[in-house]
Amino acid sequence: MFKAITIASEILGQAKERGIPDITPMKLIKLVYVCNGFYLAFRRKPLIDAPITAWKFGPIIAPLYYEYKKEGNTVITERPLIYDLDSLTWNPLSIDEECADKKEVDFAHSIIKQVMDTYGM
């Protein structure tokens with residue numbers, strides 16, 4: 001299981017690589033939600049560690065909602081960062097760094113890629 005913010009970071013990274021300029025907080029939450037759903041369907045366990053709640057306008061992943069609430073409806077341009085004490089640099093959050101199980105990481109990458117291919121636009 002991964003942190004929701006880490007999956008969001010991976011989605012933002014793929015969006016930047018693909019030239020997708022319009023990832024808003026709401027779109028990001030929905031993309032993480034869809035990734036979690038596909039992962040759950042294939043692995044029978046959730047992709048993210050955060051609960052998903054039903055709100056008036058759709059599912060909400062609370063840690064992402066509160067992280068990006070201040071952005072309003074504007075486009076998110078930067079990935080969340082973490083400070084690496086070994087290299088003394090700020091680096092984007094990555095699922096490669098969060099999980100030691102390479103098979104799970106690779107499968108998570110493939111789910112994110114498929115979701116971005118289908119729904120990322």
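Let's start with arginine 43: its charged end sits over the ring of phenylalanine 107, 3.9 Å from the ring centre. Please keep in mind that this is a predicted model. Phenylalanine 107 has aromatic company too, since ring pairs link Tyr39, Phe42 and Phe107 into a cluster.

Now stay with arginine 43 a moment longer. Which residue does arginine 43 form a salt bridge with? The partner is glutamate 104, and the closest N and O atoms are 3.1 Å apart. That pair links distant parts of the chain, with arginine 43 in helix α2, residues 25–43, and glutamate 104 in helix α5, 61 residues apart. Are the two partners buried or exposed? Arginine 43 is partly exposed, at a relative accessible area of 30%. Glutamate 104, on the other hand, has a relative accessible area of 13%, so it counts as buried, the cut-off being under 20%.

Let's move along helix α5. A search of the whole structure finds six salt bridges, and I'd like to show you two more of them. In one, aspartate 117 pairs with arginine 18, with the closest N and O atoms 2.6 Å apart. Here again distant parts of the chain are linked: aspartate 117 belongs to helix α5, residues 102–120, and arginine 18 to helix α1, residues 4–18, and they are 99 residues apart.

In the other, lysine 113 forms a salt bridge with aspartate 117, where the closest N and O atoms are 3.0 Å apart. This one stays inside helix α5, as the two residues are four apart, about one turn of the helix. Put the pieces together and you have a network of salt bridges linking Arg18, Lys113 and Asp117.

How accessible are the members of that network? Arginine 18 comes out at 35% relative accessible area, which is partly exposed. Aspartate 117 is partly exposed as well, at 40%, and lysine 113 is also partly exposed, at 42%.

Back to the rings for my last stop. How many aromatic pairs does a search of the whole structure find? The search finds five. One of them is tyrosine 65 with tyrosine 66, whose ring centres are 5.0 Å apart. Their planes stand at 80°, so this pair is edge-to-face, which requires an angle over 60 degrees. Tyrosine 65 is partly exposed at 22% relative accessibility, while tyrosine 66 is exposed, with a relative accessible area of 52%.

Do have a look at these spots in the structure yourselves, and I'm happy to take questions.

Technical notes:
Residues are numbered from 1 along each chain as its sequence is written. This is a predicted model: local features need pLDDT of at least 70, side-chain atom pairs count only at pLDDT 80 or more; totals for chains, interfaces and linings use all residues. Side-chain values use heavy atoms; hydrogens and water are left out. A salt bridge is a side-chain nitrogen of Lys or Arg within 4 Å of a carboxyl oxygen of Asp or Glu. Buried means under 20% relative accessible area, exposed over 50%, partly exposed in between (1.4 Å probe, protein chains only). Rings of Phe, Tyr and Trp (its six-membered ring) pair if their centres lie within 6.5 Å; planes under 30 degrees apart count as stacked, over 60 as edge-to-face and the rest as tilted. A charge sits over a ring if NZ of Lys or CZ of Arg is within 6 Å of the ring centre and within 35 degrees of the ring normal.
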